[in-house]
Amino acid sequence: MKRMIIMLLLALSVFGSHEMSGAEEYEHSDRRDPFVPLVGASRKSTVQGVESVLMVDDVRLQGILMAADGVREAIINGEIMREGTKIGRVTMMTIADNYVTLKIGDDEYIVRLYE
């Protein structure tokens, strides 16, 4: 019984001091990208947005999803694109289950979701 009371007091002192010190805020900018696998993935590109893409190495395919209307969308460098969408030099040609076909300038490329 004495041991139980000591454990209870210890627990209350630890959790009680945390509550009194104020709530910590969660920094959402440090979240892991849910579209990047935990093992075997590397980030090739540091280019932000699609407008600044100059070559296929600047493209980061982050996800493929199905919109509410049944149309597939792809997340490229943080921006959502549908088939036929053109942003800067990049035109989204086709979106498949695990890859997209992009046109950058005059050249077409296949970019896979996980390489």
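**Exercise 1. The open sheet**

Determine the strand order of the open sheet of three strands and explain why one side of β1 and of β3 is left without a neighbour in the sheet.

*Solution.*
Step 1. In this predicted model, an open sheet of three strands follows the order β1-β2-β3, and its pairing is antiparallel.
Step 2. The edge positions are held by β1 and β3 (79–82); each has a single partner strand, so one side of each lacks a neighbour in the sheet.
Step 3. Direction ignored, neighbouring strands of this sheet are turned against each other by 25 degrees on average.
Step 4. Consider next the pair β1 and β2: these strands run antiparallel and are joined by five bridges. Within this pairing, Leu61 stands opposite Ile76 in β2.
Step 5. As a general principle, the strands of a sheet pair through backbone hydrogen bonds, in either a parallel or an antiparallel manner.

**Exercise 2. The chain as a whole**

State how many helices and strands the protein chain has, and in which order the elements run from the N terminus.

*Solution.*
Step 1. The protein chain contains one helix and seven strands.
Step 2. Read from the N terminus on, the elements follow the pattern α-β-β-β-β-β-β-β.
Step 3. The chain has 115 residues, and buried residues make up 28% of them.
Step 4. The accessible surface amounts to about 8,700 Å², and carbon and sulfur atoms account for 57% of this surface.
Step 5. When contacts between residues at least 6 apart in sequence are considered, 35% of them join residues at least 24 apart.

**Exercise 3. The largest nonpolar core**

Identify which residues of the largest nonpolar core touch the most other members, and which strands each supply at least two of its residues.

*Solution.*
Step 1. The largest nonpolar core has 17 residues, and those touching the most other members are Leu61, Ile76, Met92 and Val100.
Step 2. At least two residues of this core come from each of β1 (61–66), β2 (72–76), β5 (90–95) and β6 (99–104).
Step 3. Take Ile76 as a case: with neighbours within four places in sequence left aside, Ile76 is in contact with Val50, Val59, Arg60, Leu61, Gln62, Met81, Met92 and Val100.
Step 4. A general tendency may be recalled here: in soluble globular proteins, nonpolar side chains tend to be buried together.

**Exercise 4. The salt bridges**

Find how many salt bridges the whole structure holds, and establish which residues are joined into one network by salt bridges that share partners.

*Solution.*
Step 1. A search of the whole structure yields three salt bridges.
Step 2. One of them pairs Arg82 with Asp69, with the closest N and O atoms 3.2 Å apart. Arg82 belongs to strand β3 and Asp69 to the loop between β1 and β2, so this pair ties together parts that are 13 residues apart in sequence.
Step 3. A further salt bridge joins the side chains of Arg72 and Asp97, at 2.5 Å from N to O. This pair links distant parts of the chain, since Arg72 is in strand β2 and Asp97 is in the loop between β5 and β6, 25 residues apart.
Step 4. Arg82 also forms a salt bridge with Glu73, whose closest N and O atoms are 2.8 Å apart. Salt bridges with shared partners thus join Asp69, Glu73 and Arg82 into one network.
Step 5. In general, side chains of opposite charge can pair when their charged atoms come close.

**Exercise 5. Buried, partly exposed or exposed**

Classify Glu73, Arg72, Arg82, Asp97, Ala96 and Thr91 as buried, partly exposed or exposed.

*Solution.*
Step 1. The cut-offs are as follows: buried means under 20% relative accessible area, exposed means over 50%, and partly exposed lies in between.
Step 2. Glu73, at 12%, is buried.
Step 3. Arg72, at 29%, is partly exposed, and Arg82, at 30%, is likewise partly exposed.
Step 4. Asp97, at 60%, is exposed.
Step 5. Ala96, at 15%, is buried. Ala96 is located in the loop between β5 and β6 and touches Ile64 and Arg72, residues up to four places away in sequence not being counted.
Step 6. Thr91, at 16%, is buried. Thr91 is part of strand β5 and, with neighbours within four places in sequence left aside, is in contact with Thr85, Lys86, Thr101, Leu102 and Lys103.

Key. Residues numbered from 1 in each chain as written. Predicted model: local features only at pLDDT ≥ 70, side-chain atom pairs only at ≥ 80, totals over all residues. Heavy atoms only, no water. Core = buried A, V, L, I, M, F, W, Y, C linked by side-chain atoms within 4.5 Å. Buried < 20%, exposed > 50% of the residue type's maximum accessible area, 1.4 Å probe, protein only. Helix = DSSP H or I, 4+ residues; strand = E, 2+ residues; numbered from the N terminus. Contact = heavy atoms within 4.5 Å. Areas by Shrake-Rupley, 256 points an atom, 1.4 Å probe, with all protein chains shown as cover. Pairing = 2+ DSSP bridges. Axes fitted to C-alpha atoms, helices over the stretch in contact; angles between N-to-C directions. Salt bridge = Lys/Arg side-chain N within 4 Å of Asp/Glu carboxyl O.
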